[in-house]
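User: Please take a close look at the surroundings of ligand 1 in this predicted model. Which elements supply the residues around the ligand, and what is the character of those residues?

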Amino acid sequence: MTSLVLTITETLRYRGKIGQWAWVLHRVSGMGTLIFLIMHVIDTSWATFYPELYAKAIAAYKTPLFTVGEFVLVACVVYHALNGFRIALFDYRPQWWRRQADAAKLVLLGTLVLLVPVFFVMAGHVVNYYNERVTTFDLGLESVIEATAPFAVGTVVVLGLAFIVSAGMAVVPSLNAPKKRLKGSKMETFMWSFMRISGVLIIPLVFGHLAMMHVIQGVFDLTKVGHVPVFTNLGANVESTLTAVNFVRLRWDTMLAGVYIWRIYDILLLVLVTVHGFNGARYVINDYIHNKLANRALRLAAVGTMIGVLWVGALAILQSVPATTAEMLNQSSQVIGVDADTDALVR
Ligand code: HEM
Ligand code: HEM
């Protein structure tokens, strides 16, 4: 904690050059996107498990406070992606290291150049929504508190449990023996490469996802009756109290060349961003929290949350596979003599 306070005060005091600010921005944008991701995957899973809750969450997403957050999120993702690409590229090109400062400036310029047209189109969606459908203006503070309160409670519970487990582990001698250095460093080398490779793979996936949800259509179109969800071939959303849930179903049930294209896309995105983001959070924890008990507790909380996010995210996608597909799978597996249990896939 002392290191975190020191980092903040020294960052403000120390008049470092662009490299220092690029590092701070990269860290803040990465952690901010990760916090959004945790809430987003849990929210999205409600489209499968608790449709009414999902409809409520999307209603909160349409409030002005969330709209401001949406612009900040897009800026975070764009800056982090471009700067991450710079880090990955330069790490493999030592001969370019003298040009780091120029590259960091180029990243800032690239972010601005990309954000101007993107924000312009996003603002167009917002203006359309307020012109067409909103009669009274409400900042939405109440909905935002209602939508985020369960996550705040969840964070306290997860942290509490992690501290209890960490304290329990402190009294088990075998868990406190010094670690073999070689094994640890091999894992760290692997994770170092993983961060760079996964980062580069995430760029088209996350930019594609944001382009679909913010540029081609707006977030508000998730609940628009008569709107055909972006890149679906199953028709338009119908009148219902659960239009947001229909939106997700229409997308996830869309097939291209015999495969559920958006389910595959979302699973890939889910796995890559979750593992990348939580490993990044581990670096941040190790940099600032040096107390052994607290460090282990936070790392446990991060691993536990990562597994939870992957689990609910993947289950939401798989459990919403239409029953007819599960029956087809069952029949084909009987033909080839496999006793597959596809019940888990039935919605
Ligand atoms: C869009 C493409 C992305 C690229 C190219 C990218 C690239 C990178 C790179 C190269 C690092 C540095 C790793 C290291 O220090 O060894 C990093 C760190 C990090 N990334 Fe990403 N990333 C991307 C997306 C994301 C997303 C979507 C999240 C959140 C879910 C995220 C969260 C983080 C965090 C928390 C860190 C640690 C920051 C730090 O140590 O200061 N990244 N990223
Ligand atoms: C406010 C901005 C965003 C909106 C409105 C949005 C919207 C959606 C929607 C409607 C889905 C449901 C499936 C689909 O239609 O493809 C979804 C799924 C998903 N989104 Fe986003 N998205 C946003 C930002 C992001 C960002 C920045 C990330 C990555 C860091 C992300 C990662 C995911 C993942 C991993 C899934 C799959 C969730 C699951 O498995 O349950 N989204 N998103």
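Analyst: A residue is counted in the shell around a ligand if its C-beta atom, placed from the backbone, lies within 6 Å of the ligand. In this predicted model, ligand 1 is surrounded by 28 residues, of which G30, G84, G199, G277 and G280 are the closest. Two or more residues of this shell come from each of α2, α4, α7 and α9. Among these elements, α7 makes the greatest contribution to the shell around ligand 1, with 8 residues. By character, the shell around ligand 1 comprises 17 nonpolar, 9 polar and 2 charged residues.

The surroundings of ligand 2 provide a useful reference. There, 24 residues form the shell, and T44, R251, D266, L270 and G313 come nearest. At least two residues each are supplied by α2 (18–49), α4 (64–91), α7 (181–216), α8 (243–252), α9 (261–288) and α10 (292–319). For ligand 2 the greatest contribution is that of α2, with 6 residues. The shell around ligand 2 divides into 15 nonpolar, 6 polar and 3 charged residues.

As to confidence, the protein chain has an average pLDDT of 88, and 87% of the residues score at least 70. Helix α9 has the highest mean pLDDT among the elements of the protein chain, at 98, whereas α11 (residues 323–335) has the lowest, at 55. Over residues 335–347 pLDDT stays under 50, and the model has 18 contacts beyond four places in sequence for this stretch.

Technical notes. Residues numbered from 1 in each chain as written. Chains lettered and ligands numbered in written order. Predicted model: local features only at pLDDT ≥ 70, side-chain atom pairs only at ≥ 80, totals over all residues. Helix = DSSP H or I, 4+ residues; strand = E, 2+ residues; numbered from the N terminus. Nonpolar A, V, L, I, M, F, W, Y, C, P; charged D, E, K, R; others polar. pLDDT = per-residue confidence, 0-100. Contact = placed C-beta atoms within 7 Å.
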